[in-house]
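Good morning, and thank you for coming. I shall take you through one structure, beginning with a term we need and then going from the chains down to single residues.

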Amino acid sequence: MEVFLPIAQVFINPIEILLLSAIVGVLSGLFGVGGGFLMTPFLIFLGVPPAYAVANEANNILATSVSGSTTHYLKNTLDYKMGFMIVIGGTIGTALGIYTFTYFKGIGKIDTVISLAYMYILAIIGTLMLVESLREIDREKRNLVVKKKLHVHYWIHGLPLRMRFPKSKLYESIFTPILIGLLVGFIAAIMGIGGAFILVPAMIYIIKMPTRLVPGTSLFVTIFVSVIVTFLHSFNYGSIDLLLVLMLVIGSIVGVQVGQKLGEKIDSSGLRALLAILLLVVGIAIAYDTFFAEQIQKEIISVSNSDLNFFSTFIIEFSKDMPFFYGLFSIMFAIFLGVAAAFIRRFVSNFKKKMLLQS
Amino acid sequence: MHLSNIKIINKIIEAKAAIIKTGIFMSLAAYWGVILVGTFITFN
């Protein structure tokens, strides 16, 4: 069974998309990493053009981060002031990223740039993760305890314009979160990822925020960054395909819940090396696709508008006639799905508690 | 006799760990080599 994506203009198997996004969601929930840097390459392998994969994955990240952030809002584990500072940098970074994206799209090299960016990011993260997890396994075998310094100062801590962040109990230069946001926004715009793999370590080791506030604040920042990325991609290139977004969101939200439950039951530190190997394998697959398989002519299927169903025709006409409102609708659609998922999760959790109390 | 056996076993374990570490290091070096050479060829 294959479904035609009206905006991306490709046929895809919805079961494959649902399964893959669920698997990536499980990995995200299990290891606490964002799924963007795995899901976008998978979409490219399934035949979705890279520029469309980036835009639609950004919209999917918006839904999942809204869902996660609502949960943290209800738990009061968010530092809004710090979050807004990172968002300021993120907005500038996203604008720069979209400008770069437009430049490479203009010279017809955007697909190669996205593939290369993914290849290097996956290679760097995979290598660092593999080395770290092997060291950890080695330390556990030898029963070694590593003493860490309480405070490490970098040049970034000497920046001017310091401000108090009462929730995190920090007195920090406003340039530190802005610079981090700038980097995250730039990468998010080009690669369609949330940027949590940069944001979370930066918040812990550079900004030195309390660990309990980090996941919520990171998700809060991701909402704004992915809103801007989604809107700019939708408005400039009309590349958001609501049908694909719906499949991605359903798969990943279910997967994340399963992953989080699994993470509570099993020790994932040993599995981290396996995730690192998976990242390296995906990286080398992209390398093969970019360096060796580039010459293979991909089959272009043209489908006339008369062959499409009502829903597909509506999406195409809506995105072409009203790109501004289509962009806004894509954002509202993802936010609605994210909030609905958070409330369903809360309802199921309360229902389970009631059932346990009754029994 | 017993002590020397333990020493031999420890040496074997250490050698095995060293071989695994070298293997991983060589694989990572080859991996990065492919990526860097591929990028270089693509841009030339």
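Let me begin with a definition: a helix here is a DSSP run of H or I with at least four residues, and helices are numbered from the N terminus. With that numbering we can place A:Lys208, which sits in the loop between H7 and H8 of chain A. Please keep in mind throughout that what you see is a predicted model.

I shall stay with this loop for a moment. A:Lys208 has a positive phi of about 65°, although it is not a glycine. Most residues other than glycine have a negative phi. Is A:Lys208 buried or exposed? Neither label fits: with 15 other C-beta atoms within 10 Å, A:Lys208 is partly exposed. The loop between H7 and H8 of chain A also holds A:Arg212. A:Arg212 has 10 other C-beta atoms within 10 Å, and therefore it is exposed, as the limit for that class is 12 or fewer. From A:Arg212 to A:Met119 the C-alpha distance is 32 Å, and the two are 93 residues apart in sequence.

Let us now step back to the chains. Chain A is made up of 359 residues, of which 45% count as buried. Its secondary structure consists of 12 helices and 4 strands. Consider next the contacts in chain A with a separation of 6 or more: 82% of them join residues 24 or more positions apart.

Chain B has 44 residues, and buried ones make up 2% of them. Chain B contains 1 helix and 0 strands. Along the principal axes, the C-alpha atoms of chain B fill a box of roughly 65 × 5 × 5 Å.

How many residues does each chain bring to the contact between chain A and chain B? Chain B gives 10 residues and chain A gives 10 residues. On the side of chain B that touches chain A, 7 residues are nonpolar, 3 are polar and none is charged.

I turn to the interior of the model. The largest nonpolar core has 102 residues, and A:Leu62, A:Leu122 and A:Ala188 are those that touch the most other members. Helix H8 of chain A, residues 214–237, supplies the largest share of this core, with 13 residues. What does A:Leu122 touch, leaving aside residues up to four places away in sequence? Its partners are A:Phe37, A:Leu279, A:Leu280, A:Val282 and A:Gly283.

From helix H8 of chain A, I would like to pick out A:Leu219. Why is A:Leu219 counted as buried? A residue needs 20 or more other C-beta atoms within 10 Å to be buried, and A:Leu219 has 26 such neighbours, so it passes that limit. Beyond four places in sequence, A:Leu219 touches A:Ser65, A:Gly68, A:Ser69 and A:His72. A:Val3, by comparison, is 216 residues away along the chain, and its C-alpha atom is separated from that of A:Leu219 by 32 Å.

Next, a pair of helices. Helix H3, residues 50–75, and helix H5, residues 110–142, both of chain A, pack with their axes 8 Å apart and at an angle of about 60°. H3(A) and H5(A) are therefore oblique to each other. The residues of this contact are 5 nonpolar, 1 polar and 1 charged. From H3(A) come A:Pro50, A:Ala51 and A:Val54; from H5(A) come A:Ile110, A:Asp111, A:Ile114 and A:Ser115.

A:Ile110 leads us to A:Thr100: the two are 10 residues apart in sequence, and their C-alpha atoms are 9.4 Å apart. A:Thr100 is placed in helix H4 of chain A. Since 15 other C-beta atoms lie within 10 Å, A:Thr100 is partly exposed.

Finally, how confident is the predictor? The complex receives an ipTM of 0.79 and a pTM of 0.74. Chain A averages a pLDDT of 79, and 89% of its residues score at least 70. Chain B averages a pLDDT of 82, with 93% of its residues scoring at least 70. Within chain A, confidence is highest in helix H4, residues 80–106, at a mean of 87, and lowest in helix H7, residues 196–207, at 78. In residues 296–300 of chain A, pLDDT stays under 50, and the model has 0 contacts for them beyond four places in sequence. Where pLDDT is low, the predicted coordinates should not be read in detail.

Technical notes
Residues numbered from 1 in each chain as written. Chains lettered and ligands numbered in written order. Predicted model: local features only at pLDDT ≥ 70, side-chain atom pairs only at ≥ 80, totals over all residues. Contact = placed C-beta atoms within 7 Å. Nonpolar A, V, L, I, M, F, W, Y, C, P; charged D, E, K, R; others polar. Helix = DSSP H or I, 4+ residues; strand = E, 2+ residues; numbered from the N terminus. Axes fitted to C-alpha atoms, helices over the stretch in contact; angles between N-to-C directions. Parallel < 35°, antiparallel > 145°, perpendicular 65-115°, else oblique. Core = buried A, V, L, I, M, F, W, Y, C linked by C-beta atoms within 7 Å. pLDDT = per-residue confidence, 0-100.
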